[in-house]
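Me: I should like to go through this structure by asking what justifies each term used to describe it. Please set the values against the criteria in each reply.

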Amino acid sequence: MLLWFRNDIRINDNPALHYFLERHHGSEVGKAVFFVSEKQWQKHDWSPIKIDFIKRHVNALAQQLLSLNIVLQVEYCDDFTDQVAFLKHYCRQHNIDEVVANKELEVNENLRDKACLEQGLKLRLFESDVIVEKGKVLNKTGDMYKVFTPFKRAWLTYVKQQGFSYLGKPVISKSSQVSSELLTPIICSGESNAWPLVSQVEQQVIPTFFQDKVQCYGQERDFPAIKATSGLSPYLAIGAISPRYLLTLMIQRFPDILLAADSDEFVWLNEIIWREFYRHLMFHQEKLSKHQSFNDKYSATVWPNNPQYFRAWCEGRTGYPLVDAAMAQLNQTGWMHNRLRMVVASFLTKHLLIDWRWGEKYFMEKLIDGDLAANNGGWQWAASTGCDAQPYFRVFNPIRQSERFDPDGEFIRKYLPELADLPSKQIHFPHAYIAKENLDVYWPAIVEHKAARLAAIEFYR
Ligand SMILES: Cc1cc2nc3c(=O)[nH]c(=O)nc-3n(C[C@H](O)[C@H](O)[C@H](O)COP(=O)(O)OP(=O)(O)OC[C@H]3O[C@@H](n4cnc5c(N)ncnc54)[C@H](O)[C@@H]3O)c2cc1C
C-alpha cells in the first residue's frame, strides 16, 4: 500500500493516514509519497510564499512520519500527467496494490485521479478538508443551497444530529527504527518563515486564540490594525490543520457552541461555515473551478479592463489610502485582512470595472493562503457575480470604509509610511490636505468615487 499526501500535509485527523496505519504491518517500513510539481503549481497560480510554506510543512511531516515507521519520499514531477506516470511505474515496480489519499476538490485534481483509475491503479480516497462531507447538506429538492444562511442552518442541524468524526493524532510507536538519514529535505526559500510551523501553532496560537481572542472576534475582526483574527487560513489552505480539529477544540471549550448561534464565539465558527459553504458549492458547481461566473447572467459581460488601472491597483497606487495600504500588505507579507480583501476586490471590480478573474488570479499569485474555493467565493461575492453575493448596486465607499475600520489611520500609517505624519481626519482621502499644505507625498486618485460608483451601477445594470 502507498500513502499519497496531497493537500493534507498533517498527521492529525488525517483519514488516509489513519486507514493506512490500521492496515499497515508494524515491522514493515511504510511507503508514502509527496509530489513537488512546480509546473503544475504555476498553472494554478500558486504564490512562491505558499509553495515555500508547503515545502517547509512537508519536511516537518516527513520527520513526524518517521516516528510512525513511514518514509515519505518526495518526487519531483512537472505536472499531474507525470504524477500519474510515476505512480503507475512505482506501484508496478514495488508490487503495490493500493494507493490511499484524501480527496481534493478542484477539477484538474479530479481529472488526475480519474486518470489514475484509467491507468489501472486502485485509488482509495477519503474526505479530509471539511467538517461535513460534501453532498450531505442539501435543500428539500436535493440541491445545494444557493444562499448561505439556510445552508448554515442545515449544516448545524446535520452536525448536531449526525456528529462528525475527528480521528486525532496517531499513536507514535516507540519502536520505530527508521533513520532520518533516509530523508532528503526539500530546499526551501524561507519566504514563508514569518509563519511558524503548524506544530507551534497548535501549541501556542490556537490555545491563545480560543482563550483570549475568540470572544472579542465579533467586535474586532473588521479592524485591520488589530490582530483579532486567528491567522489560520494558510494552515487550512494547505491542509496542515483539519477543520474538524478546530471544531473539536471549540466544542471542548464552548460545549454549547452549536446551540448558541448568538454567542460571541459563534461569530468565528460562522466563518468556518462560510469556508464549508464555498467548498460544498465548488463540489456541486464544477464551473467555479474553471473560473466561470456562478450567476450565468454575467458570463457574457465584457469588462472594460483598463490595464493601467489594473497595474495601479496591483502596485497600490490608486490614491485611495486604505486600498493602497491593503495592497502593500498583500505585496509585502503574502496575506491580507478579510475586510481589506472585500474593499480592494470591490474597488477593482466596481470602481475600476476590471474582470474579477484578474483580481482572483493576482490574489492567488501573492497569497500564502491562496485557496481556489474561498478565493473564488470572495471575488465573486465582491463582484456581485457569485452565489449569495453582494447586490450589484452596493459599492463600497473606500473612504468611508477607511474612516470606519481604520479610524486613526494606524493600519494606513504602517503600510504607507509616506502618509504617517498626516492628521487622522485627513488620512483617509488626503488629496485636498496635501494640495493645501503643498506636500508631494502621494498619488492622485485614479478615479473619483461618486462618478465611479454611478458608472459601476450603470455598467452592471
Ligand atoms: C476577495 C476575497 C478573497 C479571498 N481569498 C481567500 C483565499 O484565497 N484563501 C482563504 O483561505 N480565504 C480567502 N478569503 C477569505 C478570508 O478573507 C480569509 O480566509 C481570512 O482573511 C483569513 O484570515 P484568518 O485566518 O485570520 O481568518 P479568521 O477570521 O480567523 O477565520 C477563520 C477561518 O475561517 C475561514 N474563513 C474566514 N472568512 C472566510 C470567508 N469569507 N470565506 C471563506 N472562508 C473564510 C478561513 O479558513 C479562516 O482561516 C477571501 C476573501 C475575499 C473577500
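**The sheet and its strands**

Reply: To begin with strand E1 of this predicted model, Leu-2 and Trp-4 point one way and Leu-3 and Phe-5 the other way, and all of these are buried.

Me: What makes E1 and E2 a pair, and in which sense do they run?

Reply: Two strands pair if there are at least two bridges between them. E1 and E2 are joined by four bridges, and the two strands run parallel. Within this pairing, Trp-4 stands opposite Val-33 in E2.

Me: How do you know that E1 is also paired with E4?

Reply: The same criterion of at least two bridges applies. Three bridges join E1 to E4, and these strands run parallel. Here Leu-3 stands opposite Val-100 in E4.

Me: What is the evidence for the pairings of E2 with E3 and of E4 with E5?

Reply: Strand E2 (residues 30-36) is joined to E3 by seven bridges, in parallel, and Ala-32 stands opposite Leu-72 in E3. E4 and E5 pair over four bridges, likewise in the parallel sense, with Ala-101 opposite Leu-125 in E5. Each pairing is therefore justified by the requirement of at least two bridges.

Me: What is the order of the five strands in the open sheet, and why are certain strands called edge strands?

Reply: The order is E3-E2-E1-E4-E5, with parallel pairing. Strand E3 (70-76) and strand E5 (123-126) are the edge strands, as each pairs on one side only. From one strand to the next, the twist averages 25°.

Me: Which helices pack on the sheet, and which strands does each touch?

Reply: Helix H1 (residues 15-23) touches strand E1 (2-5), E2, strand E4 (99-102) and E5, and its direction makes about 150° with that of E4. Helix H3 (residues 48-66) touches E1, E2 and E3, and its direction makes about 150° with that of E3.

Me: What makes both faces of E4 count as covered?

Reply: Val-99 and Ala-101 lie on one side and Val-100 and Asn-102 on the other, and all four are buried.

**The chain as a whole**

Me: How does the radius of gyration of the chain stand against that of a compact globule?

Reply: For 461 residues, a compact globule would have a radius of gyration near 23 Å; the chain has 23 Å, so the value agrees with the rule. Along its principal axes, the C-alpha trace spans about 80 × 50 × 45 Å. The chain contains 22 helices and five strands, and buried residues make up 41% of its 461 residues.

Me: What share of the contacts between residues at least 6 apart in sequence joins residues at least 24 apart?

Reply: That share is 75%.

**Val-198**

Me: Why is Val-198 called buried or exposed?

Reply: A residue is buried if 20 or more other C-beta atoms lie within 10 Å of its own. Val-198 has 25 within that distance, and it is therefore buried. Val-198 belongs to helix H7 (residues 198-213). Leaving aside residues up to four places away in sequence, Val-198 touches Arg-10, His-57, Tyr-235, Ala-240 and Ile-241.

**Helix H17 and the ligand**

Me: What makes H17 an enclosed helix?

Reply: Eleven of the eleven residues of H17 are buried, so this helix is largely enclosed by the rest of the structure. Among them are Leu-372, Asn-375, Trp-379 and Trp-381. The cover over the buried residues of H17 includes H11, helix H12 (286-289), H15 and helix H16 (356-366). Just after H17, Ser-384 takes a positive phi of about 65°.

Me: Which residues come nearest to the ligand, and which elements give two or more residues to the shell around it?

Reply: Of the 28 residues around the ligand, Thr-229, Ser-230, Asn-338, Asn-375 and Gly-378 come nearest. The elements that give two or more are helix H9 (233-237), helix H11 (264-284), helix H15 (338-351) and helix H17 (372-382). H17 supplies the largest share, six residues.

Me: How many residues of each class does the shell around the ligand have?

Reply: The shell has 13 nonpolar, nine polar and six charged residues.

Notes:
Residues are numbered from 1 along each chain as its sequence is written. This is a predicted model: local features need pLDDT of at least 70, side-chain atom pairs count only at pLDDT 80 or more; totals for chains, interfaces and linings use all residues. Axes are lines fitted to C-alpha atoms, for helices over the stretch in contact, and angles run from 0 to 180 degrees between N-to-C directions. Two residues are in contact if their C-beta atoms, placed from the backbone, lie within 7 Å. The radius of gyration is taken over C-alpha atoms; the globule rule is 2.2 Å times the number of residues to the power 0.38. A residue is buried if 20 or more other C-beta atoms lie within 10 Å of its own, exposed if 12 or fewer, and partly exposed in between; C-beta atoms are placed from the backbone. A residue is near a molecule or strand if its C-beta atom, placed from the backbone, lies within 6 Å of it. Ala, Val, Leu, Ile, Met, Phe, Trp, Tyr, Cys and Pro count as nonpolar, Asp, Glu, Lys and Arg as charged, and the others, Gly among them, as polar.
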